[in-house]
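Thanks for sharing this one with me. Here are my notes, set out as numbered points so that you can follow along with the structure open.

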Amino acid sequence: QILDKVVLKLQGMTGVRPWGGSYPMNPVVTRKWLPILETNDWPFLAVSAASGSRLDLEASASGTQGFFTHRFRVLVYGYIRGDDATSASRWLQRLQDDVLGTLLQNQTLDGVCREIEPEEDETDDGTLEPLGAFAQTFTVLADELRAVQ
(Lines give C-alpha, C1' and ligand atoms only; values in the text may rest on other atoms or scores of the structure.)
Protein backbone atom coordinates (compact mmCIF):
# COMPACT_ATOMS: atom_id res chain seq x y z
CA GLN A 1 0.00 0.00 0.00
CA ILE A 2 2.83 2.42 0.82
CA LEU A 3 4.62 1.80 -2.47
CA ASP A 4 1.40 2.30 -4.44
CA LYS A 5 0.78 5.61 -2.64
CA VAL A 6 4.32 6.81 -3.36
CA VAL A 7 3.79 6.02 -7.05
CA LEU A 8 0.47 7.87 -7.04
CA LYS A 9 1.99 10.99 -5.46
CA LEU A 10 4.94 11.04 -7.85
CA GLN A 11 2.61 10.62 -10.84
CA GLY A 12 1.15 13.98 -9.82
CA MET A 13 4.39 15.79 -10.69
CA THR A 14 2.90 17.43 -13.77
CA GLY A 15 2.30 20.99 -14.97
CA VAL A 16 4.36 23.89 -13.63
CA ARG A 17 6.89 22.61 -11.13
CA PRO A 18 8.69 24.40 -8.24
CA TRP A 19 11.47 25.75 -10.50
CA GLY A 20 8.86 27.56 -12.62
CA GLY A 21 8.79 25.27 -15.65
CA SER A 22 7.55 21.83 -16.56
CA TYR A 23 9.03 18.55 -17.73
CA PRO A 24 9.20 17.91 -21.49
CA MET A 25 6.67 15.13 -20.83
CA ASN A 26 4.90 13.89 -17.72
CA PRO A 27 7.13 11.64 -15.60
CA VAL A 28 6.71 7.90 -16.09
CA VAL A 29 6.39 6.41 -12.60
CA THR A 30 6.37 2.67 -12.09
CA ARG A 31 7.09 -0.02 -9.52
CA LYS A 32 9.11 -1.90 -12.12
CA TRP A 33 12.82 -1.09 -12.01
CA LEU A 34 14.56 -0.87 -15.37
CA PRO A 35 18.22 -0.21 -16.12
CA ILE A 36 18.76 3.33 -17.39
CA LEU A 37 19.76 2.08 -20.85
CA GLU A 38 16.44 0.23 -21.21
CA THR A 39 14.21 3.24 -20.57
CA ASN A 40 12.92 5.34 -23.42
CA ASP A 41 10.67 7.74 -21.51
CA TRP A 42 12.08 10.71 -19.60
CA PRO A 43 11.79 11.60 -16.80
CA PHE A 44 11.51 8.07 -15.47
CA LEU A 45 10.96 7.15 -11.80
CA ALA A 46 11.01 3.61 -10.39
CA VAL A 47 9.72 3.00 -6.86
CA SER A 48 10.73 -0.13 -4.93
CA ALA A 49 11.17 -1.47 -1.44
CA ALA A 50 14.70 -0.95 -0.12
CA SER A 51 16.55 -3.34 2.13
CA GLY A 52 16.78 -2.64 5.83
CA SER A 53 13.11 -2.19 6.75
CA ARG A 54 12.25 -3.18 10.29
CA LEU A 55 9.38 -3.50 12.74
CA ASP A 56 10.08 -2.14 16.25
CA LEU A 57 7.93 -2.94 19.29
CA GLU A 58 7.15 0.36 21.02
CA ALA A 59 4.74 -0.81 23.73
CA SER A 60 2.51 -3.72 24.72
CA ALA A 61 -1.15 -2.87 24.42
CA SER A 62 -2.26 -6.05 26.18
CA GLY A 63 -0.96 -9.53 26.75
CA THR A 64 -1.68 -10.44 23.12
CA GLN A 65 -1.10 -7.20 21.20
CA GLY A 66 1.77 -4.81 20.73
CA PHE A 67 2.14 -1.30 19.31
CA PHE A 68 4.81 -1.32 16.60
CA THR A 69 6.53 1.27 14.45
CA HIS A 70 7.16 -0.08 10.98
CA ARG A 71 10.22 1.60 9.49
CA PHE A 72 9.63 0.77 5.84
CA ARG A 73 12.44 1.80 3.49
CA VAL A 74 11.52 2.95 -0.01
CA LEU A 75 13.96 3.53 -2.86
CA VAL A 76 13.19 5.91 -5.72
CA TYR A 77 15.36 5.76 -8.84
CA GLY A 78 15.16 8.75 -11.16
CA TYR A 79 16.43 8.96 -14.74
CA ILE A 80 16.58 12.03 -16.95
CA ARG A 81 18.23 13.23 -20.15
CA GLY A 82 19.43 16.66 -21.06
CA ASP A 83 18.41 18.63 -24.11
CA ASP A 84 19.85 21.46 -26.19
CA ALA A 85 18.70 24.08 -23.68
CA THR A 86 19.19 22.34 -20.32
CA SER A 87 21.93 19.96 -19.18
CA ALA A 88 21.16 16.50 -17.81
CA SER A 89 22.71 17.58 -14.50
CA ARG A 90 20.24 20.47 -14.13
CA TRP A 91 17.26 18.26 -15.07
CA LEU A 92 18.48 15.68 -12.57
CA GLN A 93 18.68 18.24 -9.75
CA ARG A 94 15.18 19.46 -10.62
CA LEU A 95 13.77 15.94 -10.68
CA GLN A 96 15.36 14.86 -7.41
CA ASP A 97 14.27 18.07 -5.67
CA ASP A 98 10.76 17.59 -7.05
CA VAL A 99 10.61 14.00 -5.74
CA LEU A 100 11.79 15.16 -2.29
CA GLY A 101 9.36 18.07 -2.18
CA THR A 102 6.41 16.05 -3.44
CA LEU A 103 6.82 13.31 -0.85
CA LEU A 104 7.57 15.72 1.99
CA GLN A 105 4.37 17.63 1.14
CA ASN A 106 2.45 14.35 1.36
CA GLN A 107 3.85 13.20 4.71
CA THR A 108 1.05 10.76 5.56
CA LEU A 109 0.43 9.38 2.06
CA ASP A 110 -3.30 9.95 2.51
CA GLY A 111 -3.28 8.47 6.01
CA VAL A 112 -1.38 5.21 5.41
CA CYS A 113 1.67 6.32 7.41
CA ARG A 114 2.80 8.75 10.10
CA GLU A 115 5.61 10.44 8.19
CA ILE A 116 8.30 10.17 5.52
CA GLU A 117 11.97 10.80 6.23
CA PRO A 118 14.44 11.22 3.36
CA GLU A 119 17.77 9.51 3.82
CA GLU A 120 21.13 10.28 2.24
CA ASP A 121 20.94 10.04 -1.53
CA GLU A 122 23.29 8.02 -3.70
CA THR A 123 23.99 10.73 -6.29
CA ASP A 124 26.93 12.39 -4.56
CA ASP A 125 29.37 9.55 -5.14
CA GLY A 126 29.69 10.67 -8.76
CA THR A 127 28.66 7.35 -10.29
CA LEU A 128 25.02 7.98 -11.15
CA GLU A 129 24.93 11.69 -11.93
CA PRO A 130 26.91 11.52 -15.20
CA LEU A 131 24.41 8.88 -16.35
CA GLY A 132 21.48 11.20 -15.60
CA ALA A 133 20.32 9.14 -12.63
CA PHE A 134 19.84 9.29 -8.88
CA ALA A 135 18.78 6.86 -6.16
CA GLN A 136 16.96 8.40 -3.20
CA THR A 137 15.98 6.36 -0.16
CA PHE A 138 13.15 7.28 2.21
CA THR A 139 12.07 5.75 5.51
CA VAL A 140 8.30 5.66 5.87
CA LEU A 141 7.11 5.40 9.46
CA ALA A 142 3.80 3.58 9.95
CA ASP A 143 2.16 2.69 13.26
CA GLU A 144 0.74 -0.81 13.59
CA LEU A 145 -1.12 -2.76 16.22
CA ARG A 146 -0.15 -6.43 15.87
CA ALA A 147 -0.57 -9.68 17.69
CA VAL A 148 2.40 -10.72 19.84
CA GLN A 149 3.18 -13.97 21.60
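**Notes on the fold and its packing**

1. Let me begin at P118, which sits in strand β5, residues 115-118. Please keep in mind that this is a predicted model. Is P118 buried, partly exposed or exposed? Its relative accessibility is 38%, so P118 counts as partly exposed. Beyond its neighbours within four places in sequence, P118 is in contact with L100, L104, Q136, T137 and F138. The C-alpha atoms of P118 and L103 are separated by 9.0 Å, with these positions 15 residues apart along the chain when counted as sequence separation.

2. Now the overall layout. The protein has 2 helices and 6 strands, and along the sequence they follow the pattern α-β-β-β-β-α-β-β. The C-alpha trace spans about 65 × 30 × 25 Å along its principal axes. Of the 149 residues, 41% are buried. Take the contacts between residues at least 6 apart in sequence: 62% of them join residues at least 24 apart.

3. Strand β4 deserves a careful look. How much of β4 is buried? The count is 11 of its 15 residues, so β4 is largely enclosed by the rest of the structure. β4 runs antiparallel to β2, and 6 bridges join the two; in this pairing A49 stands opposite V74 of β4. β4 is also antiparallel to β6, and here 15 bridges join the strands. G78 stands opposite F134 in that pairing with β6.

4. The third partner of interest for β4 is β3. These two strands are antiparallel and joined by 6 bridges, and they form a hairpin with 4 residues between them. Two facing pairs help to fix the register by eye: R54 stands opposite R71 in β4, and A59 stands opposite F67 in β4.

5. S60 belongs to that same region, as part of strand β3, residues 54-60. S60 has a relative accessible area of 56%, and exposed means over 50%, so S60 counts as exposed. Which residues does S60 contact, leaving aside its neighbours within four places in sequence? They are Q65 and G66. S60 and V148 are 88 residues apart in sequence, yet their C-alpha atoms are 8.5 Å apart in space.

6. Turning to helix α1, residues 2-11, the buried positions are I2, L3, V6, V7, K9 and L10. Why do they fall on the same side of α1? They cover an arc of only 165° around the axis, which puts them there. As background, an α-helix has 3.6 residues a turn, so residues three or four places apart point the same way. The buried residues of α1 pack against β1 (28-30), β2 (44-49), β4 (65-79), α2 (88-105) and β6 (133-147).

7. The two helices also meet each other. α1 and α2 pack at an angle of about 120°, and their axes are 10 Å apart. The crossing of α1 past α2 is right-handed. V6, K9 and L10 of α1 make the contact with V99, T102 and L103 of α2.

8. Last, the cores. The largest nonpolar core has 26 residues, and those with the most contacts inside it are I2, L10, L45, V47, V74, V76 and V99. At least two residues of this core come from each of α1, β2, β4, α2 and β6. Another core, of 6 residues, lies apart from it, and includes I36, A46, Y79 and A133. In soluble globular proteins, nonpolar side chains tend to be buried together.

9. If you would like one residue to click on in the larger core, I would suggest L45, one of those with the most contacts inside it. Which residues does L45 touch, not counting those up to four places away in sequence? The list is L10, M13, P27, V28, V29, T30, V76, Y77, G78, L95, V99 and F134.

Key
Residues are numbered from 1 along each chain as its sequence is written. This is a predicted model: local features need pLDDT of at least 70, side-chain atom pairs count only at pLDDT 80 or more; totals for chains, interfaces and linings use all residues. Side-chain values use heavy atoms; hydrogens and water are left out. Buried means under 20% relative accessible area, exposed over 50%, partly exposed in between (1.4 Å probe, protein chains only). The arc is that of the directions from the helix axis to the C-beta atoms. Contact means heavy atoms within 4.5 Å. A nonpolar core is a set of buried Ala, Val, Leu, Ile, Met, Phe, Trp, Tyr and Cys residues joined through side-chain atoms within 4.5 Å. Two strands pair if DSSP finds at least two bridges between them. Axes are lines fitted to C-alpha atoms, for helices over the stretch in contact, and angles run from 0 to 180 degrees between N-to-C directions. A crossing is left-handed if the near helix is turned anticlockwise from the far one by less than a right angle, and right-handed if clockwise.
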